[in-house]
Amino acid sequence: MSFPPRSVFLSVAATIFLLVVVGGRCMASKISVRNPWVAPCNGTQGCDWDAMIKVQIQHPGVIGCAVFCPIERGEPGPSPDPRYVALASRAAAANLPLVVWINSNEMTVPVNTILDEIDTYYTSYPSLSGIYLEIVDMSCDFIPPYYQVIWDHVHKIRSNPMVIFNMGPLATECHMNVSTMIVTYEGEFADYVSYVAPAWTKKYDPHRFWHTVFDVPALALPYVYQRSVAQGAGHVYISNEDIVDVYNSLPSYFDKLVSLAVDD
């Protein structure tokens with residue numbers, strides 16, 4: 001698929017907020033939204049959560065998951081935040097899977113701390129569909145028991161949970177047995193046009209891979225979506241915001257993104 005020069009894209013006024021995931025490779029696409037810093041809302045003007053829940057009700061299953069982060073100072077609070085309890089209940093009623101954001105910081109966070117966080121979240125929000133593990137160590141010299149312990153623990157709490165690893169372009173195949181999905185690209189549109197997915201990813205179902213692409217002008221949205229399909233990503237996260245603001249709200253072209261997923 002050809003596309004106009006980057007200068008044309010950059011001439012388009014584009015102020016976008018969050019990221020979204022859309023996927024493909026000859027199968028039904030899904031949108032998975034990574035918006036950990038979007039506060040709960042209900043009925044207020046421009047409420048992103050209302051928009052996602054509405055889409056999931058109108059097009060069941062089109063949203064694969066949404067990442068949320070009910071934390072205080074980087075750790076779960078001593079008691080559930082009632083705003084997030086209400087949000088989790090609304091999401092469950094709409095069959096919108098929620099996965100909770102947890103930072104492993106390349107295994108520098110003690111595994112027991114991670115397990116305690118998981119337990120706290122599932123106690124407070126029992127309808128959670130899984131976890132989104134941030135900053136995963138990419139070493140393939142050995143499979144750290146750290147991640148196996150997390151995988152086993154989540155499976156004891158919930159059957160068929162989502163266990164998502166954020167690894168980026170240097171993602172390694174050795175982590176596939178302890179995750180259900182890996183973020184294999186997280187970066188700017190300018191770099192995505194030349195990105196080539198690792199050859200090993202072709203052995204797996206596309207819905208086990210997620211691409212996050214930010215700083216994407218509106219005119220480039222269809223191209224990025226189609227490129228994610230061509231690169232074997234069953235999920236893609238697209239925003240025209242830069243890295244500073246990309247996780248704070250839904251993109252302004254969210255409706256168009258939904259249309260691409262529904263029509264795929």
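**Figure 1. Buried residues of helix α4 in the predicted model.** In this predicted model, the buried residues of α4 are I114, L115, E117, I118, Y121, Y122 and S124. Their packing partners are two helices and two strands: α3 (82-93), α5 (145-157), β3 (98-103) and β4 (130-134). Helix α4 itself covers residues 111-124, a run of 14 residues. From the first C-alpha to the last, α4 reaches 20 Å, close to the 20 Å expected at 1.5 Å a residue.

**Figure 2. The buried face of helix α3.** Y84, L87, A88 and A91 are the buried residues of α3. Seen down the helix axis, these buried residues fall within an arc of 100°, so they line one face of α3. An α-helix has 3.6 residues a turn, so residues three or four places apart point the same way. The buried residues of α3 pack against α2 (48-58), β2 (63-68) and β3. On the other side of the helix, P82 and A93 are exposed. The length of α3 agrees with expectation, because its 12 residues should span 16 Å at 1.5 Å a residue and its end C-alpha atoms lie 17 Å apart.

**Figure 3. N95, a residue with positive phi just after helix α3.** N95 follows just after α3 and belongs to the loop between α3 and β3. Although N95 is not a glycine, its phi is positive, at about 55°. N95 has a relative accessible area of 60% and is therefore exposed, the cut-off being over 50%.

**Figure 4. N105, a residue with positive phi between strand β3 and helix α4.** The loop between β3 and α4 holds N105. Phi of N105 is near 50°, a positive value in a residue other than glycine. The relative accessibility of N105 is 34%, so this residue counts as partly exposed. In sequence, N105 and V136 are 31 residues apart, whereas in space their C-alpha atoms are 6.5 Å apart.

**Figure 5. The surroundings of V136 in the loop between strand β4 and helix α5.** V136 is found in the loop that runs between β4 and α5. With a relative accessibility of 2%, V136 counts as buried, because the cut-off for that class is under 20%. Leaving aside neighbours within four places in sequence, V136 is in contact with S104, E106, Y147, F165, N166, M167 and H175. N105, the residue of the preceding view, lies 6.5 Å from V136, C-alpha to C-alpha.

**Figure 6. The disulfide between C41 and C47.** A search of the whole structure finds 1 disulfide. This bond joins C41 to C47, with an S to S distance of 2.0 Å. The torsion about the S-S bond is about 85°, so the disulfide is right-handed. Both partners are buried: C41 has a relative accessibility of 17%, and C47 has a relative accessibility of 7%.

**Figure 7. The buried cysteines C65 and C69.** C65 has a relative accessible area of 0% and is buried. C69 also counts as buried, at 3% relative accessibility.

**Figure 8. T212 and its side-chain contact in strand β7.** T212 lies in strand β7, which covers residues 209-214. The relative accessible area of T212 is 0%, so this residue is buried. Its side chain makes a polar contact with the side chain of W210, at 3.4 Å.

**Figure 9. The whole chain as context for the close-up views.** The secondary structure of the chain comes to 8 helices and 8 strands. The chain has 264 residues, of which 54% count as buried. Among contacts between residues at least 6 apart in sequence, 75% join residues at least 24 apart. The accessible surface of the chain comes to about 11,400 Å², and 54% of this surface belongs to carbon and sulfur atoms.

Methods: Residues are numbered from 1 along each chain as its sequence is written. This is a predicted model: local features need pLDDT of at least 70, side-chain atom pairs count only at pLDDT 80 or more; totals for chains, interfaces and linings use all residues. Side-chain values use heavy atoms; hydrogens and water are left out. Helices (H or I, at least four residues) and strands (E, at least two) are DSSP runs, numbered from the N terminus. The expected span of a helix is 1.5 Å times one less than its number of residues. Buried means under 20% relative accessible area, exposed over 50%, partly exposed in between (1.4 Å probe, protein chains only). Contact means heavy atoms within 4.5 Å. The arc is that of the directions from the helix axis to the C-beta atoms. A polar contact is a pair of N or O atoms within 3.5 Å; within protein, one must be able to donate a hydrogen and the other to accept it, and residues adjacent in sequence count only if both atoms are side-chain atoms. Accessible areas come from the Shrake-Rupley method with a 1.4 Å probe; for residues, only the protein chains shown count as cover. A disulfide is a pair of cysteine sulfur atoms within 2.5 Å.
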